[in-house]
Amino acid sequence: MNQLIEKPDKIFENIKTQIKIGIKNRNHDFHTPVFSNLKKNGLIGSRVVVLRSFNSNELKINFHTDIRSKKSEELKVYPKTNFLFYDHRSKIQLRIKSTSKIFYNNNVTKLAWDQTRLSSRKYYLAQEPSSSKSIVSTDSIPRHLIGIDPSLEESEEGYKNFSIV
């Protein structure tokens, strides 16, 4: 019988290892879990997020988000959240109950921002927050940046919209 099935501590260590791999490997199924939270209207909101860091000792999972998003305001009021991971190769589904906290404009966000690639910083330059209503499909990125990355200097304007959950 598989040792992972026999020993809960081995299962737990394997889960932590898979999450760590998901942080580094964009092709790993755990790289993009579903994150769910309670919305102001009492319904559940779910979306795919990109994992950015994981502290396996403190069991803290982080992802980046636009502070202007509705999710940021909702998490301040309703911090109880869930992550759903699924690895289609091993057929493992992992549900994690979590309590979320927003980090904004502090040492934590500055360190992460400084390590964020220009191609990712570009999305924080969007003129409208994510999930804004629009007549046509748009990501709201300034037109002059479509298909290219901003300069380092230009990207710094996006820091005001950057936060970490």
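In which element does Ser163 lie? In this predicted model, Ser163 belongs to strand 8. Its relative accessibility is 0%, and the residue therefore counts as buried. Beyond its neighbours within four places in sequence, Ser163 is in contact with Phe63, His64, Thr65, Asp66, Ile67, Ser72, Ile102, Phe103, Tyr104 and Thr109.

The protein chain that holds this residue contains 6 helices and 8 strands. Read from the N terminus, the elements follow the order α-α-β-β-β-β-α-β-β-β-α-α-α-β. Along the principal axes, the C-alpha atoms fill a box of roughly 60 × 35 × 35 Å. Of the 165 residues, 37% count as buried. When contacts between residues at least 6 apart in sequence are considered, 59% of them join residues at least 24 apart. The chain exposes about 10,900 Å², of which carbon and sulfur atoms supply 52%. Its charged side chains comprise 28 positive and 17 negative ones, and the centres of the two sets lie 5 Å apart.

In soluble globular proteins, nonpolar side chains tend to be buried together. In the present model, the largest nonpolar core has 16 residues, and those with the most contacts inside it are Ile19, Phe35, Leu51, Ile61, Phe83 and Phe85. At least two residues of this core come from each of helix 2 (8–24), strand 3 (51–55), strand 4 (60–66) and strand 5 (80–87). Leu51 illustrates the contacts made by one of these residues. Apart from neighbours within four places in sequence, Leu51 is in contact with Ile19, Ile23, Phe30, His31, Pro33, Ile61, Asn62, Phe83 and Phe85. A second core, separate from this one, has 6 residues, among them Trp113, Tyr124, Tyr159 and Phe162.

Helix 3 (residues 70–77) has Lys71, Ser72, Glu74 and Leu75 as its buried residues. Viewed down the helix axis, these residues fall within an arc of 165°, so they line one face of helix 3. Lys70, Lys76 and Val77 are exposed on the other side. The cover over the buried residues of helix 3 includes strand 1 (34–38), strand 2 (44–48), strand 4, strand 5 and strand 8 (162–164). Within this helix, Lys71 has a relative accessible area of 10% and is buried. Residues up to four places away in sequence being set aside, Lys71 touches Phe35, Asn37, Arg47, Phe63 and Thr65. The C-alpha atom of Lys71 is separated by 26 Å from that of Glu154, a residue 83 residues apart from Lys71 along the chain.

A buried side is also found in helix 4 (residues 107–114), where Thr109, Ala112 and Trp113 are buried. Around the axis, these residues cover an arc of only 100°, which puts them on the same side of helix 4. The face turned away from the buried side carries Asn107 and Leu111, which are exposed. Strand 4, strand 7 (103–104), helix 5 (118–121), helix 6 (152–155) and strand 8 are included in what covers the buried residues of helix 4. Of these buried residues, Trp113 is a member of the second core, whereas Thr109 is among the contacts of Ser163. Ser72, one of the buried residues of helix 3, is likewise in contact with Ser163. Strand 8 thus appears in the cover of helix 3 and in that of helix 4.

Note on methods: Residues are numbered from 1 along each chain as its sequence is written. This is a predicted model: local features need pLDDT of at least 70, side-chain atom pairs count only at pLDDT 80 or more; totals for chains, interfaces and linings use all residues. Side-chain values use heavy atoms; hydrogens and water are left out. Helices (H or I, at least four residues) and strands (E, at least two) are DSSP runs, numbered from the N terminus. Buried means under 20% relative accessible area, exposed over 50%, partly exposed in between (1.4 Å probe, protein chains only). Contact means heavy atoms within 4.5 Å. Accessible areas come from the Shrake-Rupley method with a 1.4 Å probe; for residues, only the protein chains shown count as cover. Lys and Arg count as positive and Asp and Glu as negative; His and the chain ends are not counted. The place of a charge is taken as NZ of Lys, CZ of Arg, CG of Asp or CD of Glu. A nonpolar core is a set of buried Ala, Val, Leu, Ile, Met, Phe, Trp, Tyr and Cys residues joined through side-chain atoms within 4.5 Å. The arc is that of the directions from the helix axis to the C-beta atoms.
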